[in-house]
Amino acid sequence: PTPFPTPSPTSSPTPFCGATPSPPGYYCPNTTECDDDEKLPCPKGTANVAYGGSTISACTPCIPPSYASNNASTTCLSCPTGHSCPTSTSSPIPCTSGTYAPANSLTCQPCSSGYYQTSPSSTSCVPCPSGHSCLDPSLEPVPCTPGTFSNGQATACTPCPAGYLCTTTGAMTNCTKGTYSLEAWATCVTCGPGLECPSTSSSPIPCSTGTYSVGGTTSCLPCPSGTYTNVTSSTSCTPCPAGYHCPNPSNTPVACPENHVSASGQTSCVQCASGTYAQKA
């Protein structure tokens, strides 16, 4: 077999070059070059973008809300939207429901009154829509109950004012003439018989004596001539009976005096003709 060649006495072994400049994210203690096993990583919360760091001071501290959550970081990262970065050594924290954060935020901000946000890691909050309330900003808007309303951005629905109709959508509509509603009512109610409703925001008023109403009116009507009603809340008037007269429709019929007569529905009595007479009723 062919023997291995013997090294020339003039040749020399290739030198081992283990010392190199520290790469970004590392530093060599007290020197700009060192072996790989001597290089030290920049700790969390710091970063080094350059070669040749010789002390830990080469690792620049990250200033919150920037961060470096890993060792040997080459750059400080910006806190992303929808997250908070209160410390430079930790990963960004997602904002919870009911809070939000733009980019580079130390903390997540709670939604303003009348706004909500149900999704985590959000960059903004949503205005509470009309017809709803948003007391808890982390939950979906709650529809207003009948008899209440909101015009939007509300933490609570407001009782419907008297004189209005408030639907479940939160819209308000004026009650029409001849109807009424009181505070927190869901509907407008027709004014009943024997009543008058001069105001849509007040309770009905009973018709006074001498007047009547069949309902749905702003005022009671006076009894026609020759009729009467001597009680309140009347729905009709009664014809004055024969032998009586009704000069005042709000009073009881008055009997005709002796030798006077009247037919039904009269406001006055007539004297008997000469040669006739009539007894008092």
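Is cysteine 79 buried or exposed, and what is its relative accessible area? Cysteine 79 is buried, with a relative accessible area of 2%; buried means under 20% relative accessible area, exposed over 50%, and partly exposed in between, using a 1.4 Å probe and protein chains only. The legends below start with the whole chain and then visit this cysteine and other sites.

A note before you look: this is a predicted model, in which local features need pLDDT of at least 70 and side-chain atom pairs count only at pLDDT 80 or more, while totals for chains, interfaces and linings use all residues. Residues are numbered from 1 along each chain as its sequence is written, and side-chain values use heavy atoms, with hydrogens and water left out.

**View 1. The whole chain and its confidence.** The protein chain holds 30 strands and 0 helices; these are DSSP runs numbered from the N terminus, with at least two residues for a strand (E) and at least four for a helix (H or I). Its C-alpha atoms fill a box of roughly 180 × 45 × 15 Å along the principal axes. The radius of gyration is 48 Å, whereas a compact globule of 281 residues would have one near 19 Å; the value is taken over C-alpha atoms, and the globule rule is 2.2 Å times the number of residues to the power 0.38. Buried residues make up 31% of the 281 residues. About 15,900 Å² is exposed, 57% of it supplied by carbon and sulfur atoms, with areas from the Shrake-Rupley method, a 1.4 Å probe and, for residues, only the protein chains shown as cover. Mean pLDDT is 91, and 91% of the residues reach 70 or more. Over residues 1–17, however, the pLDDT is below 50, and this stretch has 0 contacts in the model beyond near neighbours in sequence. pLDDT is the predictor's confidence in each residue, from 0 to 100, and contact means heavy atoms within 4.5 Å. Where pLDDT is low, the predicted coordinates should not be read in detail.

**View 2. Cysteine 79 and its surroundings.** Cysteine 79 sits in the loop between strand E6 (60–61) and strand E7 (83–84). Leaving aside neighbours within four places in sequence, cysteine 79 is in contact with Pro65, Tyr67, Ser84, Cys85, Pro92, Ala103, Asn104 and Ser105. Alanine 103 is 24 residues away from cysteine 79 in sequence, yet their C-alpha atoms are 5.9 Å apart.

**View 3. A cis peptide bond and two positive phi angles.** Among the contacts of cysteine 79 is Pro65, and the peptide bond from proline 64 to proline 65 is cis, with omega near 15 degrees. Proline 65 also belongs to the loop between E6 and E7. Asparagine 104, although not a glycine, has a positive phi of about 60 degrees. Asparagine 104 lies in the loop between E9 and strand E10 (109–110) and is partly exposed at 43% relative accessibility. Serine 121 has a positive phi of about 60 degrees too, and is not a glycine either. Look for serine 121 in the loop between strand E11 (115–116) and strand E12 (126–127), partly exposed at 31% relative accessibility. For context, most residues other than glycine have a negative phi, and most peptide bonds are trans.

**View 4. Threonine 99 in strand E9.** Threonine 99 is placed in strand E9 (residues 99–100). With a relative accessible area of 15%, threonine 99 counts as buried. Its side chain reaches the backbone oxygen of threonine 96 at 2.6 Å. Beyond neighbours within four places in sequence, threonine 99 is in contact with Cys108, Gln109, Pro110, Cys111, Gln117 and Ser122.

**View 5. Threonine 148 in strand E15.** Threonine 148 belongs to strand E15 (residues 148–149) and is buried, at 14% relative accessible area. A polar atom of the threonine 148 side chain lies 2.6 Å from the backbone oxygen of threonine 145. Not counting residues up to four places away in sequence, threonine 148 touches Cys157, Thr158, Pro159, Cys160, Cys166 and Thr167.

**View 6. The salt bridge between lysine 39 and aspartate 36.** A search of the whole structure finds 1 salt bridge, defined as a side-chain nitrogen of Lys or Arg within 4 Å of a carboxyl oxygen of Asp or Glu. Lysine 39 pairs here with aspartate 36, and their closest N and O atoms are 2.6 Å apart. Lysine 39 is buried, with a relative accessible area of 10%, whereas aspartate 36 is exposed at 61% relative accessibility.

Key
A polar contact is a pair of N or O atoms within 3.5 Å; within protein, one must be able to donate a hydrogen and the other to accept it, and residues adjacent in sequence count only if both atoms are side-chain atoms.
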